[in-house]
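Me: Got a minute to go through this model with me? I'd like to start with the packing.
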Amino acid sequence: MDIHSKDSSHDHSSISKQGEVVIITVPFPCHSHLNQLLHLSCLISSSYNIPVHYATTSTHLRQAKLRFNDTTHLQNSQLHFHEFPTPDFLSPSPTPNPSNKSPTHLQPSFESSIHLRQPMAALLQNISATARKVIVIHDVLMAYVVQDIANVPNAKSYAFTPTCSFSSFFDGWQMMGKPLLEKPPPKGLPSIEGCYPTEILNLVARQIDFLKFTTGHIYNSCKSIEDILKVGLPVNTWEQREETVTSSTIAKVVQNLITSKEGEEIRKRAKELGASTRQAVKEGGVSRMELDSFIAHITSHLNQLLHLSCLISSSYNIPVHYATASTHLRQAKHRFNNKTHLQNSQVHFHEFPTPDFVSPSPTPNPSTKFPTHLQPSFESSIHLRQPMAALLQSISATARKVIVIHDVLMAYAVQDIANVPNAESYAFSPTSPFSSFFDGWQMKGKPSLEKPPPKGLPSIEGCFSIEILHLIALQIDFLKSTTGYIYNSCRSVEGTYIDLIANDQFNRNKLIWSIGPLILGADCDRRNSNTPKDKCLEWLDKQAPKSIFYVSFGTTTTMTDEEIKELAMGLEQSEQKFIWVFREADKGDIFTGEVTKEKLPEGFEERVKEVGMVVRDWAPQVEILGHPSTGGFMSHYGWNSCFESITTGVPISAWPMHSDQPKNAFLVTDILKVGLPIKTWEQRDEIVTSSTIAKAVQKLIASKEGEEIRKRAEELGASTRQALSLFVGCSLVLFLLYLLWFPSSYLSCFLNGEASIISVKHFFIQTVREGKNYPDALAKRRVEELEQLVI
């Protein structure tokens, strides 16, 4: 991430809303350190319209401002300076004729920074009280000073390293005693001997324990230069450091670099490297992508997969084709939270007509929870085969390569991919690997497994209607021709079950990619800072941390009158504050007919108006789950809701209804142990009483057991987010590199149902580490090169 970008025209002015995300930068009191973080602060505050607070000692703030090369940026209203007093320290002149080149005379200044811990903690508490999220970017030598971040629930920290990745790695490797490496270090690598005085090593050692709490590390570098470069000449080597450099040596080096053939070749390489480095910070460049992705990651708002499609097409100038039925395209656009992205010229929408289908309202008081009223809508997708084939032929005629990413239930509709030589397809599964594997295993008659299935695994009985099983069966033969499968999951949550899928005989020679969590792997901001804050979030802002119980059963669940009555009474009896999203399940066409307003017990809303909020329309679920005031979630356990809750570290009360939900609930409550069952799948025909609901809410929000579950949920959420942070900025870059192996690549993704274009963040990692097949010899070589840059 190169922070010295001159391309300030890149417009991200609306990426953050006031009161949402605030950044604090904490530099180390040495000029090069002060300067780099001040550049980064100016870049973020001016380009992304995010408040940035630059905090250091009074002395060093004055120094940083005095030497900054563009004082106009310092007047930016989003950039705030905080200067803290420190005890007086010695400030001697440099030692004349020193025996050691390390600036030991600055040591008193360096050590003065230790006294910043208390004022920094006070600043953090002050800002975190009004911000939704606080991101602290601190110099790697200031981890001790910002250690109190651990006590602030809505704050995260990133360590900024002002030295190059090369020296950071090999200095650390030598300090650790040169442990065994997979590949030997570069020949002639300078030793660490004489590089640092004892005092600075002690200061480094003091930071180690506190660096363990950081979310990630940031480097002022870019991938184009982190290699052995050969764009310079040595005046003397590190081994010659005690020798005097003579005037004749200096004269020869100057002449060699300026007037010799060797110097001309070095200058040429330096010029080429400079061009590629500058390109990295321009629109679409690798470093700009990484900074964009980092800002998107920390601003944390997401409208799932369609948003990611728009991000790729707008940020990386790749054509994306979103193709589905007219009715469902209208629905997808209607519920998308950022309409401006839909105007991007690189996103192409294709709406195909389908025969008219019945779109009944959900069945009141249904005997089965599966949304059978949606079956006509599901079956209408079969008629998309012909228009999809025509679109594929049209695009493939001018593209070198076409990538089709289709929902796993749309394999029949895109089967004509097999007739297009420059196209390949990937099936996106919107369910968890755990439920996908064990539902499939049960459907196949429970064949023998190497290890027995988990004890208490829910049966598949009652999960699916006969009609949907027929639709699934229709896809099987066409799924055999896919190149691989894509899951919205990650190894920290489902590594065991991802491996089970990869090793399944049906998936032999296929790539299995786990690319989640998608809710943090996309440009999550609202982009429109003028959008009014949702009423749910305004209400949550006024509540105590982890005090609110959120209730939502998704878009396909229909509850009986008795269940609604018991749930309402249970929430009231629990005496806990809550948000309840209470709306009718979707119809096949959400725009036809009137929406039925479900009835609550008489007087309920009036009685609970001081402690609860009933929401009868669309609610910003990811933002609600990510809010510090949310302490628990009652859910139907659809995988999107489930994984959103896992990623945000919110424990879940399980009330599964149909499809993959019983196994998702079992995964969360019995295996991951970050939730509690309200009722098991075996109890699905029993009425959940108000007392059971009240006890479940109280247990999750206000009991010792609930506190322990919440702690595990928060730890799992942190590890899930950390799994993504290892790839911040890299995932989309790798995806593009994968495409760009082939000249004139052209990406076309057909997006059906809930499927969308995704970033293949684990493709290279899993290929290298799990022995998957490489697409070709060139891919194998590129993967080996990329492994050195990314892993």
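Reply: Sure. A term to begin with: a nonpolar core is a set of buried Ala, Val, Leu, Ile, Met, Phe, Trp, Tyr and Cys residues joined through side-chain atoms within 4.5 Å. Also, this is a predicted model.

Me: OK. Which residues touch the most other members of the largest nonpolar core?
Reply: Ile 579 and Ile 646 do. That core has 48 residues.

Me: Which helix gives the most to this core?
Reply: Helix 16, residues 491-503. Five residues of the core come from helix 16.

Me: And where does this core lie relative to domain 2 and domain 3?
Reply: Between them, because both domain 2 (297-514) and domain 3 (535-720) give residues to this core.

Me: Back to Ile 646. What is Ile 646 in contact with, leaving aside neighbours within four places in sequence?
Reply: Val 493, Trp 639, Val 668 and Leu 672, for a start. Ala 713, Leu 716, Gly 717 and Thr 720 are also in contact with Ile 646.

Me: How many residues are in the second, separate core?
Reply: The second core has 27 residues. Among them are Val 551, Ile 564, Val 608 and Val 688.

Me: Let's switch to Ser 645. Buried or exposed?
Reply: Ser 645 is buried, with a relative accessible area of 0%. Ser 645 sits in helix 21, residues 639-648. Not counting residues up to four places away in sequence, Ser 645 touches Leu 625, Phe 633, Val 650, Pro 651 and Ile 652.

Me: Now aromatics. How many aromatic pairs does a search of the whole structure find?
Reply: The search finds 18. One of these pairs is Tyr 412 with Phe 478: the ring centres are 5.6 Å apart and the planes are at 80°, so the pair is edge-to-face.

Me: Which parts does the pair of Tyr 412 and Phe 478 tie together?
Reply: Tyr 412 is in the loop between strand 9 (402-407) and strand 10 (423-429), and Phe 478 is in helix 15 (residues 466-479), so the pair ties together parts 66 residues apart in sequence. Phe 478 is partly exposed, at 25% relative accessible area.

Me: What about Phe 434 and Tyr 497?
Reply: They form an edge-to-face aromatic pair, 4.8 Å centre to centre with 90° between the planes. Phe 434 is in helix 14 (residues 433-443) and Tyr 497 is in helix 16, 63 residues apart. Phe 434 is buried at 0% relative accessible area. Tyr 497 is buried too, at 11%.

Me: Which residues form one aromatic cluster with them?
Reply: Phe 437, Phe 438, Trp 441 and Phe 666 form one cluster with Phe 434 and Tyr 497.

Me: On to strands. Why is strand 10 largely enclosed by the rest of the structure?
Reply: Because six of its seven residues are buried.

Me: What does strand 10 pair with?
Reply: Strand 9 is joined to strand 10 by six bridges, and the two run parallel. Strand 11 (residues 484-487) is joined to strand 10 by four bridges, also parallel. Phe 428 in strand 10 is the bridge partner of Asp 407. In strand 11, the partner of Phe 428 is Ile 486.

Me: Last one, the open sheet of six strands. What is the order?
Reply: The order is 3-2-1-4-5-6, with parallel pairing. Strand 3 (79-84) and strand 6 (216-219) are the edge strands, each pairing on one side only. The twist averages 25° from one strand to the next.

Me: And how many bridges pair strand 4 with strand 5?
Reply: Six, in the parallel sense, between residues 133-139 and residues 155-161. Val 136 has Ser 157 as its bridge partner in strand 5.

Terms used. Residues numbered from 1 in each chain as written. Predicted model: local features only at pLDDT ≥ 70, side-chain atom pairs only at ≥ 80, totals over all residues. Heavy atoms only, no water. Buried < 20%, exposed > 50% of the residue type's maximum accessible area, 1.4 Å probe, protein only. Domains from an automatic or database assignment. Contact = heavy atoms within 4.5 Å. Pairing = 2+ DSSP bridges. Axes fitted to C-alpha atoms, helices over the stretch in contact; angles between N-to-C directions. Phe/Tyr/Trp six-rings, centres within 6.5 Å; stacked < 30°, edge-to-face > 60°.
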